[in-house]
Structure formats: C-alpha cells, structure tokens
Amino acid sequence: MLAGELEFPIAKQISPDPANFDLKLEGLRLNRARPVNVNLTREFPGYSSRSTRSSGVRASVRRGRRPRARAARVLTRAARVLTAGSAAIACGVGGLLGATPAQAAPDPCPNAEFRVGPSAKLPDCRAYELVTPWKMGGRIPLGDTLGAGLGSGAAFPTSFVAPTGDSVLFQLAGGALPGFEGAGTNDLWQAIREDPAGWTTTHPSPSGSQSTHQTPNAVTADHRFAFWRVGGQGSLIPEGASRAEYLRAPDGSFVLVGLGSLGQDLNPQVHYIAPGGERILFTARTKLEPQAPSGLDTIYRRVPGEATAEVVSLLPGGQTPAAHATYRGASTDASVVAFHVGNQLYVRVGNEKTLAVGPTGTTYAGITTDGSRIFYLAGGDLHAYDVASEQAQQLTSVGNARVIHIAPDGSRAYFSSTSQIGGEGEAGQPNLYLWEEGAGPISYVATLAPADLTRRPGLGNWISDAVAGRVGVQASRSTVDGRVLVFESVARLTGADNAGHVAIYRYDAEADELACVSCREDGSASQADAALQAPPTSILGPWIAINNLTEDGATVVFESADRLVERDISAANDVYRWHSPEQGEPDVALISSGQSRTGNNPPIPAFVHTNVLWGVTPDGSDIVFWTGDPLVPADRFGNARALYTARVNGGLAVQHEVSSDEECSGDDCQGAPSAPPADPEPGSGEYQGPGNPAADDTSTPARCVKLDRQAKRAAKRARNLRSKARQATGKRARKLRKRAARQAGKAKRLRAQAKRCRQQAASARKGDAR
C-alpha cells in the first residue's frame with residue numbers, strides 16, 4: 001500500500017478549521033469494482049508537504065490490491081483540487097462537498113501528457129526523465145574519482161552531460177550493475193537517450209577481465225574518447241607491468257598512450273584529447289623520439305593509431321631542452337601548446353616553431369581556444385601574448401593583480417586588485433575589475449569580500465587550479481566572449497540582502513548590470529548558501545565541469561538550500577534555474593522537487609547535499625541533477641539516489657506507462673535504508689468507505705487462468721528482451737527494445753482481457769446466486 005499524504009489547497013471557507021479537515025474521496029475508483037485509497041508522500045514526495053498549512057487539507061483514499069504505479073497515474077490525472085471558492089477533483093471525478101467541478105487550464109506545452117505529477121510545475125515546458133537505471137540495487141551514482149589518476153598535473157576537465165543532452169556519465173558506489181562485466185571499482189557508466197525507447201545504460205569501461213583496478217582520467221565532451229589508467233590484473237596490463245595508460249576509442253578498443261618510434265612509456269601523464277580523437281597530448285619521461293631528452297619530462301603530441309609522436313617541448317630553434325618540461329594548456333585542436341621549461345614559459349605552434357612567452361619567472365594564466373593568445377602574470381600585472389605578432393601587451397598596471405576569470409576567446413579578462421583604478425574601488429579591498437579588448441579604460445565591477453579569494457571553491461583558484469583543468473574549485477563561469485560573468489561571493493554586492501551567505505551574482509558587461517540571481521525576490525534576507533557546483537570530494541570531483549551559464553548568458557543554473565520560491569517547502573538543498581528573457585523581468589524557477597527530505601536522509605556518508613547539480617547543456621535544454629526523490633512512476637523501487645534530467649519538451653512514455661509485471665527481485669529491490677517520517681500518519685486510518693473486496697469463493701474459470709498465463713509469459717519475454725537490449729549496442733539494441741515493447745503491450749492487453757473475464761465470471765456467479 002502506498003504511504004504518505006497528499007496535500008490539496010482548498011478555499012478556507014469550506015471548513016472552519018481547514019488544517020484539521022480530512023477530505024474523503026470515497027467515489028474515486030481505479031475500476032468499477034475496486035475503490036482507490038492512495039497516499040503519495042513516500043512514493044511521490046513531489047506531491048506533499050510534511051507540514052499542514054492553514055489553507056490546505058489532507059486527503060487519503062484507499063486502493064485495493066491494484067499496482068501502485070497505476071494508482072499513482074490515476075491520482076496524477078484526477079487529484080487536482082482548485083482554490084478560489086470551489087474545490088473539485090479535475091478529470092471528471094465529480095463535485096466535492098457540494099462544490100462545482102472546475103477544469104484546470106490546458107497545458108500549452110507539446111509534452112503536456114508528461115507534465116503531470118512532480119513535472120507539472122516545471123518551467124519552460126520541461127518534464128522529468130529518469131536517467132539512471134530504475135533498478136540499481138542500492139548503488140549510488142557518483143563522480144568523485146574521475147581524474148584521480150591525474151594528480152597535480154594539468155589536463156582537460158570532463159563534463160558529465162554531453163552538449164546534446166542525450167548522453168550522461170556517472171560512476172557507482174556499490175559495485176557494477178548486474179548484467180555487466182565491470183571491475184566493480186571506478187567503473188564509468190554512460191546513459192544514452194533514444195526516443196521513444198528512453199534511457200539505456202552502457203559500460204564504456206575496461207571489463208573486469210581486462211583490468212581489476214582502473215581510473216577514468218578524462219572524457220571528451222561528446223563522451224566518445226577517454227583516458228583510462230588501468231592496473232591490477234587483466235589483459236590490458238602488459239607483462240611485467242603494474243599499470244598502464246590507455247586511450248579508449250568509440251569502438252571500445254584500447255590504445256596505449258605513451259608510444260613513440262623508440263619505444264613506449266606505460267606511465268605517462270595524460271593531458272588532452274582533441275575533438276574526434278585526432279590528437280592526444282601527454283608527458284613521458286622515457287625517450288620516445290630522437291629529438292627528446294633522456295630521463296626528463298617531455299611533452300609529446302601523437303595521432304592515435306600512429307607509431308610515432310611529435311616532441312612538443314622543444315626550445316626555440318628546435319633545440320632539445322636540458323630540464324623538465326611542464327604542460328600548461330593547449331588550443332582546442334591541440335595544435336598550439338603552452339608549457340614551461342624551468343622558469344621560462346613557451347608556446348609551440350604546430351610542429352614548426354617554439355616561441356618564448358614573456359620574461360623568465362612568468363606565471364601562466366590561460367590560453368584562448370584558438371591558441372592565438374597566451375595570458376600570463378609578471379611583476380604583479382596581467383599580460384597577453386599575441387602568437388601571430390609575437391608581441392606581448394600589458395593589460396594592468398597595479399602590481400597586485402589576481403586573475404579571477406579569462407574568457408575562452410580572450411576578449412575579456414576579470415581580475416581583482418586591492419588598488420583603486422580610475423578612482424573607483426575601495427583601497428585595500430579585493431576589487432573586481434574588467435579588462436575588455438578595444439574598450440578603453442579598465443572597468444570597475446564590484447568590491448568582493450576577502451573570504452571570496454580564500455574559500456575553496458572560491459574566486460582565488462584560477463591560477464592554482466582552473467587553468468590546470470580543476471574547474472570544480474573555481475567559483476566563476478562566463479560566456480565564450482566574457483560578456484556575462486557568473487560568480488560566487490559572500491559580499492553584499494546589490495540591494496538584495498544575502499546576509500553573509502554565499503550568493504550567485506551575474507554581471508552583464510555590455511549593460512554594466514550586476515544582479516544577485518540566488519537572492520530572495522521579496523527582499524528578505526537569505527537563509528542559506530548558494531553554489532554553482534557541489535564542493536569537491538563529496539559527490540563530484542574537482543575535474544568535473546558544469547555549464548552553469550548557458551551560451552547566450554541568459555540562463556543561470558545553481559544550487560541553494562534557501563527557499564527562493566513558494567513551491568520550495570523543504571530546507572533541503574535544491575536546484576534552481578534563473579532566466580532573463582529579452583523582454584520582461586527575470587524569473588527564478590525550481591528544478592528539483594522542492595519537497596525533498598532535509599539533511600542526509602537516507603544517511604549516506606560524506607553526502608552533504610540532498611539534490612546536486614550534475615550538468616547542464618550549453619543551451620540549457622537539459623538540466624541533470626542527483627536526487628533521492630522519485631519523480632516519475634518508473635522510479636518506484638526505493639533507489640537511494642538517482643540522476644534525473646529536467647528536459648525542455650521532455651518526458652518519456654515508457655517511464656509513465658509502467659506495467660505491473662515489471663517487479664523487482666533480490667538485490668534490485670534494495671535501496672538505501674530510509675529513516676521514518678518525522679510525524680507518520682496512517683495512510684488510510686480515516687477512510688470510511690468499503691473495505692477491500694473479499695476473495696472469490698469459487699475457482700476462476702479456465703479461460704481466465706489461460707489468459708493470465710499468456711500475459712505472464714509475454715511479460716517474461718519482455719523482461720528478457722529488455723535485459724538483452726541493455727547488454728547490446730547499436731541497431732541490435734534498438735531492435736530488441738522494439739520487440740520488448742511489443743511483448744509488453746501484448747502482456748498489457750492480455751491482462752486486461754483476463755480482468756474482464758474474471759469480472760464477467762463474478763457477475764455470472766452473482767446472478768446464479770440470486
């Protein structure tokens with residue numbers, strides 16, 4: 001039986017004491033024979049509140065022995081109670097307490113059929129979709145160990161959500177999923193969306209027979225190529241070695257990274273994979289090419305599949321260095337690479353020339369995506385080196401500049417300084433300034449708090465972490481041209497009162513406007529911190545990149561434990577979307593349920609947040625987050641945590657049409673233990689309608705039993721086909737899913753026929769008795 005409570009907003013005049021008034025829905029039935037009695041908090045927390053409000057009443061209705069998913073669908077469509085003086089259940093259930101039924105306004109969204117239940121209140125025509133498998137046996141999606149093999153070296157960050165939104169990566173705590181040959185340690189899983197089949201899970205990792213211990217170090221944005229460090233035992237471990245570094249290709253093959261014409265290095269430091277896997281960059285101490293030094297860290301560039309490599313860390317004139325080289329960064333296509341040899345910064349252009357960048361002792365601060373400009377700090381000021389002209393430009397003249405954020409195209413750079421510039425800013429305080437290419441004098445943005453530069457995550461980690469790929473600890477994001485900057489600060493930078501809590505600010509450089517997107521719209525003081533990304537070492541590691549700011553700069557996605565909208569009735573951490581339209585006022589909307597249980601419940605060690613932002617597509621159409629709330633009918637087996645996407649025009653029929661034959665068994669049913677509600681109430685203690693119908697005294701007719709058996713066989717075939725589809729790929733997987741869908745439909749039709757058969761038999765028996 002479903003448990004919990006469903007709160008309906010009812011006009012106050014219906015009862016003198018609405019807070020204690022119990023609404024009886026005695027007429028609502030799943031079918032003509034059995035009454036319905038459903039209480040949804042535990043199964044569908046998005047419907048309920050643990051607290052009773054003065055303007056609300058509770059309803060509980062009894063269901064007989066019908067499948068809980070079907071009961072949930074009935075209430076999803078039927079339990080809509082309207083305020084404004086007339087309380088009625090929508091969808092034709094009839095008047096309530098003498099009130100006149102009223103029809104809810106039609107949903108104008110093209111996916112209205114899926115915008116029910118928890119999805120009904122989502123903005124932008126979004127609907128929830130369950131990304132991770134609906135039966136995980138208590139396993140928890142994580143991402144904290146990706147990049148663990150990179151150490152303090154520099155590499156590119158990984159986005160767990162592909163730009164298209166149709167691929168999501170995750171790891172699992174608790175071992176490999178059933179049906180996959182995973183190592184059980186640091187496996188990487190990929191959820192792929194194919195409409196109408198929905199989300200299926202694949203295993204783009206070394207199998208347990210290939211490696212018994214492995215670590216994914218970095219994955220390309222399209223999730224097709226990845227660096228893997230393998231160890232222990234297995235076919236990927238070369239004889240006599242304890243570990244090796246591989247590049248995994250889309251076809252599932254593994255190629256050693258550290259190869260050259262003179263040999264191989266099984267333990268290179270990996271740095272970068274160009275789009276399409278065209279080139280890879282790595283550092284090796286073994287001499288792999290004749291131009292490389294012996295026994296020194298050397299940067300190489302190699303085309304996968306070729307047995308030779310290019311030496312990148314050469315000195316001007318093609319000279320072989322006599323000191324270790326340190327990789328700093330590269331252009332998107334890996335043709336331009338910045339590196340240090342000793343204390344001198346260099347840039348290698350193609351395989352043609354090496355240029356010295358700035359004087360000795362410079363600090364690397366970034367490279368543009370096209371490789372045309374290198375940023376560095378020297379003498380306490382920010383400089384930009386133009387690769388084409390081989391000239392450097394000094395951008396600041398303060399002697400204490402600290403880089404906050406540099407736009408990917410290099411046209412804008414944000415920095416802090418305790419000095420006043422142009423008479424603006426506060427002397428001795430960390431003032432935020434903006435340099436714009438060709439825009440004249442430096443602009444003052446705001447005065448930060450000293451703590452903003454020392455926090456982790458914070459704004460003081462650009463040089464130490466962000467340029468090395470550890471973007472998870474840098475609390476700033478920008479559009480490609482830097483026109484819009486989003487950042488965290490504990491300072492009060494606008495009229496909104498953040499009360500010393502971490503707030504998310506958005507600065508529009510063209511409009512010269514600064515807004516607090518995580519502050520309360522009613523002007524009251526903030527009650528909790530906001531964040532762009534969960535702190536490292538909890539759920540997501542520092543190498544994970546989240547696109548909190550959409551490419552057009554109009555939408556910001558963030559986390560906050562503050563209640564920013566009325567619908568957020570819990571104190572749990574939630575995911576929000578802030579949007580500034582071309583016309584009209586900006587709005588804040590809730591993406592997670594807003595009704596999660598507060599705190600770490602169920603108790604999971606080191607997990608301090610209830611809902612965690614996992615990733616956002618560049619256009620903002622998909623917002624993926626980690627939650628413990630079941631938000632679609634398919635998520636009904638008590639998963640401790642799962643990944644969902646709030647997708648524009650989203651929703652999947654397969655996740656709303658859950659058949660009763662899809663039952664869990666064994667470990668699949670075991671989620672993490674959950675604590676009981678603070679104030680539990682019986683699900684149907686106040687129900688006054690008829691009880692469950694008595695069992696039939698007469699045996700069921702043979703034809704009905706036959707239909708039942710046929711339905712069970714079809715359901716079993718559907719389950720087997722789904723299992724095979726999860727292990728298959730490509731065209732075969734699609735065919736298997738289609739066959740499974742046909743068998744599931746057949747099982748549904750047969751169950752309906754068997755049900756009608758039993759009803760007809762029962763009616764006949766009653767007639768005979770009379």
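Q: Which residues is alanine 221 in contact with, leaving aside its neighbours within four places in sequence?
A: Residues are numbered from 1 along each chain as its sequence is written, and this is a predicted model, in which local features need pLDDT of at least 70 and side-chain atom pairs count only at pLDDT 80 or more, while totals for chains, interfaces and linings use all residues. Side-chain values use heavy atoms, with hydrogens and water left out. Contact means heavy atoms within 4.5 Å. With those neighbours set aside, the partners of alanine 221 are Ala162 and Pro163.

Q: Is serine 205 buried or exposed?
A: Buried means under 20% relative accessible area, exposed over 50%, and partly exposed in between (1.4 Å probe, protein chains only). Serine 205 has a relative accessible area of 6%, so the word for serine 205 is buried.

Q: Which backbone oxygen does the side chain of serine 205 reach?
A: Not counting residues up to four places away in sequence, serine 205 touches several residues, including Asp187, Leu188 and Trp228. At 2.7 Å, its side chain reaches the backbone oxygen of leucine 188.

Q: Which strands stand at the edges of the open sheet with the order 17-18-19-20?
A: Strands are DSSP runs (E, at least two residues), numbered from the N terminus, and two of them pair if DSSP finds at least two bridges between them. The 4 strands of this open sheet pair in the antiparallel sense. Each edge strand has a single partner strand, so one side of each is left without a neighbour in the sheet: these are strand 17 (269-273) and strand 20 (310-311).

Terms used: A polar contact is a pair of N or O atoms within 3.5 Å; within protein, one must be able to donate a hydrogen and the other to accept it, and residues adjacent in sequence count only if both atoms are side-chain atoms.
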